[in-house]
There are 2 protein chains.
Amino acid sequence: MNDALVKVNGCWHISSMTKAPAKIPKSDKTRQAILEAAQRLFYERGYDGASVRQIAKEVPIDPAMIMRYFGSKEGLFSAAVLIDLKLPNPEDIPQDKAGERLVRHFLMLWEGERSTLGLPILLRSAVSNQDASDKIRAIFEKQVAPTIAGITSLDDADTRAGLIVSQLFGLALCRYILRLPPVVDMTEEEVVARIGPIIQHHIGSSV
Amino acid sequence: MNDALVKVNGCWHISSMTKAPAKIPKSDKTRQAILEAAQRLFYERGYDGASVRQIAKEVPIDPAMIMRYFGSKEGLFSAAVLIDLKLPNPEDIPQDKAGERLVRHFLMLWEGERSTLGLPILLRSAVSNQDASDKIRAIFEKQVAPTIAGITSLDDADTRAGLIVSQLFGLALCRYILRLPPVVDMTEEEVVARIGPIIQHHIGSSV
DNA sequence: CGCGGAAGTCAACGAGCGTTGGCAAAATAA
DNA sequence: TTATTTTGCCAACGCTCGTTGACTTCCGCG
């Protein structure tokens, strides 16, 4: 399963989870409809939980069309999950505000508009699907870790990035997936006020 | 799906996920073998990912026996997942060491012996399975939140418990499921040193 | 011994899954 | 017009799933 992250006009794509059909038939209308249904179902149930047939029924379209448009379920998954964390440039972040900024950015990734659904989908899929967790590791390595390394001035930036991601993923897990009431009930501002300083602490400033 | 947490000789059980077969045939040998195989597979793949047939093949035994012993897949799941977090009494924890103690306890839950596998199994299952996340919420409510409330002297104990669980689940997610290298590579002592103070901070002492 | 019940095997069910190839309709090109 | 490509539906494949009921084997008790 030799895939790689490829940057195409500003967005990260996964290339060749399986080899895509060379000629893309382009009825962009239905292609887009399939993608949107796929995003919603993958988001709600993860890779294994969402079936091609369910997605097809939502469009609605015949399941065979999905195979023609995307080659396989994995091809559809790759196309549906655009993984661009849109992390800001490290230079644009004042170091003493980095914690707050990162938490706000992360909340936006989860609560924001459709185009950034990739992370929720991946997290939901990664628990039961090996490929999805491989991808999360790749994203960590190529997008998160470098950004953190660019912000902090300390040496063990990788460990610090890991701790930051642990905190943010834990937040997402409890707030959006497990839906623990106290974590769900916090307003966005409360979350920023509570978690921001912790991220800031990991980056290296005082808490 | 009206189940409840019931405490039986010191351990939390889930009662009646479906109604259990009234008369339990008791070849305790194979019953135990089935339970152990089920625990391992549920642990590795979650509720949806592990199949009755796979579990049966591991024992090895005919899948039909599992139905006879546990009534259904859900019955097996309920029997396999004993959820006793074995949280220490709040009075036994010196408040200024609570962060360290809780992190050590949580690591023990994940890396320790078989009898406490319930939490990993539930977390892996909860992402795709509604019942499992219901159970996690119940455990939070009945075991975690009261313990935290007993330790901290502050008023918003529920929110603090939520934040603590967010941090600990995020750690488990990155370390044991996503296997992010920097988080995996930390020694147990490093984890305690890095995460302990954060838990301590949430409890209310200074960091 | 025989008998009864428990322990275990076997084959099958209906359903859902990803995927395939063939065929009809529609659009497009010649 | 005819010919060709695109777009879509349909039926089926081989598979795994949870679950069922009939069947055999074994063990203990009289």
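This passage describes how two protein chains are arranged and how they meet two DNA strands in a predicted model.

The model is predicted, and local features were considered only at pLDDT of at least 70 and side-chain atom pairs only at pLDDT 80 or more, whereas totals for chains, interfaces and linings use all residues. Residues are numbered from 1 along each chain as its sequence is written, chains are lettered from A and ligands numbered from 1 in the order in which they are written, and side-chain values use heavy atoms, with hydrogens and water left out.

The relation between the two protein chains was examined by superposing the copies by least squares on the C-alpha atoms of residues with pLDDT of at least 70 in both. Chain A can be laid on chain B with an RMSD of 0.1 Å by a turn of 180 degrees and a shift of 0.0 Å along the axis, and the two copies are therefore related as by a two-fold rotation axis. Within chain A, the C-alpha nearest this axis belongs to A:G170, at 1.7 Å from it. Both copies use the same surface, since 100% of the contact residues of chain A recur in chain B, where contact means heavy atoms within 4.5 Å.

A:Q167 lies in helix α8 of chain A, residues 157-177; helices here are DSSP runs (H or I, at least four residues), numbered from the N terminus. A:Q167 is buried, with a relative accessible area of 0%, where buried means under 20% relative accessible area, exposed over 50% and partly exposed in between, for a 1.4 Å probe and protein chains only. When neighbours within four places in sequence are left aside, A:Q167 is in contact with A:I195, A:I198 and A:I199, and also with B:S166, B:Q167 and B:I198.

DNA strand C is surrounded by 20 residues, of which A:S51, A:V52, A:R53, A:K73 and B:R68 come nearest; a residue is near a strand if one of its heavy atoms lies within 4 Å of it. These residues divide into nine nonpolar, five polar and six charged, with Ala, Val, Leu, Ile, Met, Phe, Trp, Tyr, Cys and Pro counted as nonpolar, Asp, Glu, Lys and Arg as charged, and the others, Gly among them, as polar. The largest share of this surface, four residues, comes from α3(B). A phosphate oxygen of DNA strand C is 2.9 Å from an N or O atom in the side chain of A:S51, and a phosphate oxygen of the strand is also 2.9 Å from a polar backbone atom of A:V52.

Around DNA strand D there are likewise 20 residues, the closest being A:R68, A:Y69, B:V52, B:R53 and B:K73, and α3(A) gives the most to this surface, with four residues. A phosphate oxygen of DNA strand D is 2.9 Å from an N or O atom in the side chain of A:Y69, while a base nitrogen of the strand is 2.3 Å from an N or O atom in the side chain of B:R53.

Some features of the backbone remain to be described. Most residues other than glycine have a negative phi, and most peptide bonds are trans. The peptide bond from A:V59 to A:P60, however, is cis, with omega near -5 degrees, and A:P60 is placed in the loop between α2 and α3 of chain A. B:K86, which is not a glycine, has a positive phi of about 50 degrees and counts as partly exposed at 37% relative accessibility.

Key: Helix = DSSP H or I, 4+ residues; strand = E, 2+ residues; numbered from the N terminus. Polar contact = N/O pair within 3.5 Å; in protein donor to acceptor, adjacent residues only side chain to side chain.
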